[in-house]
Amino acid sequence: MGIERLSRALGIAGATLAGGYLLALRPWHRRWGTTDDEAAETLPGDDFVDDADWESTRAITIAAPARAVWPWLVQMGQGRSGFYSYERLENLFGLQIDDAGGNRPNQQQLDIGDEVRLGPRGSGLPSFHVAVVNPGQSLVLSAPGWETGESDATWTFALHEVAPGATRLVIRFRGRSETLYGRMMNRLVTEPIQFLMERKMLKGIRTRVERGRSAAMNGRYR
């Protein structure tokens, strides 16, 4: 009886925690940093994924024009300049990430169909391909059916200049789960991990852009 009661109590506690997360924390982190308008706006790539059940929109303000933010987006990817997130943790899992401390001129060109990897080849992680590229405005990465537009997931990066020298970087992810089990795993496990990594990415990009901008301005006025 004691074991049955303990199992029942643990089950109730687990269900309560999962329910609290789904009702309170999940809605918050799915639109972290966004305004109501940003969360509702249509972005390039939104129509690539039919029946998306996994969607998030997150944003941050960067004290720089869009042209200063764009180079950091173009050079992202494993084997390129990383994702400006938790590099040590990523490499602990063998992702071989080398986060850039500055802009890399040899990584400033992306064309439709180019591959952007999350991890090294053979790691089991999906690769994205460039589906839309509007320099200084938007970048859409799609996986895996970018050629037909029937994607399982899209990752959109949009830049909006909201004032002279101020840009909103908006990131939207849209995905489709293949099974009910996959949907629950995405909601309870993958989404929280993605949130932590993506929030760090947003802050990492802001830090790098503003630091570079400050250094350039200081050099100009010496």
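A residue is called buried here when its relative accessible area is under 20%. By that criterion, buried residues make up 42% of the 222 residues in this protein, whose structure is a predicted model. The accessible surface of the protein comes to about 12200 Å², and carbon and sulfur atoms contribute 56% of that area.

The secondary structure consists of five helices and six strands. Read from the N terminus, the elements follow the order α-α-β-α-α-β-β-β-β-β-α. Among the contacts with a separation of 6 or more, 63% join residues that lie 24 or more positions apart.

Serine 138 offers a local view of such contacts. This residue belongs to strand E4, which covers residues 138-143. Because its relative accessibility is 5%, and buried means under 20%, serine 138 counts as buried. Which residues is serine 138 in contact with, leaving aside its neighbours within four places in sequence? They are Pro44, Trp70, Val132, Val133, Phe157 and Ala158. Proline 44 is 94 residues away from serine 138 in sequence, yet the C-alpha atoms of the two are 7.4 Å apart in space.

The aromatic residues provide a further route through the structure. A pair of aromatic rings is described by two quantities, the distance of the centres and the angle of the planes. Rings are counted as a pair if their centres lie within 6.5 Å, and by this rule there are six aromatic pairs. One of them is formed by tryptophan 28 and phenylalanine 195, with 5.3 Å from centre to centre and 70 degrees between the planes; the arrangement is edge-to-face. Tryptophan 28 lies in helix H1 (residues 2-30) and phenylalanine 195 in helix H5 (residues 180-220), so this pair ties together parts that are 167 residues apart in sequence. The two partners differ in burial: tryptophan 28 is partly exposed, with a relative accessible area of 45%, whereas phenylalanine 195 is buried at 6%.

Tryptophan 72 and tyrosine 84 form another pair, with ring centres 5.7 Å apart. Their planes stand at 75 degrees, and an angle over 60 degrees counts as edge-to-face, so this pair is edge-to-face. Tryptophan 72 is located in helix H3 (residues 66-74), and tyrosine 84 in the loop between H3 and helix H4 (87-92), so the pair ties together parts that are 12 residues apart in sequence. Both tryptophan 72 and tyrosine 84 are buried.

Ring pairs also link Phe83, Phe128, Trp155 and Phe157 into a cluster. Phe157 is, in addition, one of the residues in contact with serine 138.

Terms used. Residues are numbered from 1 along each chain as its sequence is written. This is a predicted model: local features need pLDDT of at least 70, side-chain atom pairs count only at pLDDT 80 or more; totals for chains, interfaces and linings use all residues. Side-chain values use heavy atoms; hydrogens and water are left out. Helices (H or I, at least four residues) and strands (E, at least two) are DSSP runs, numbered from the N terminus. Buried means under 20% relative accessible area, exposed over 50%, partly exposed in between (1.4 Å probe, protein chains only). Contact means heavy atoms within 4.5 Å. Rings of Phe, Tyr and Trp (its six-membered ring) pair if their centres lie within 6.5 Å; planes under 30 degrees apart count as stacked, over 60 as edge-to-face and the rest as tilted. Accessible areas come from the Shrake-Rupley method with a 1.4 Å probe; for residues, only the protein chains shown count as cover.
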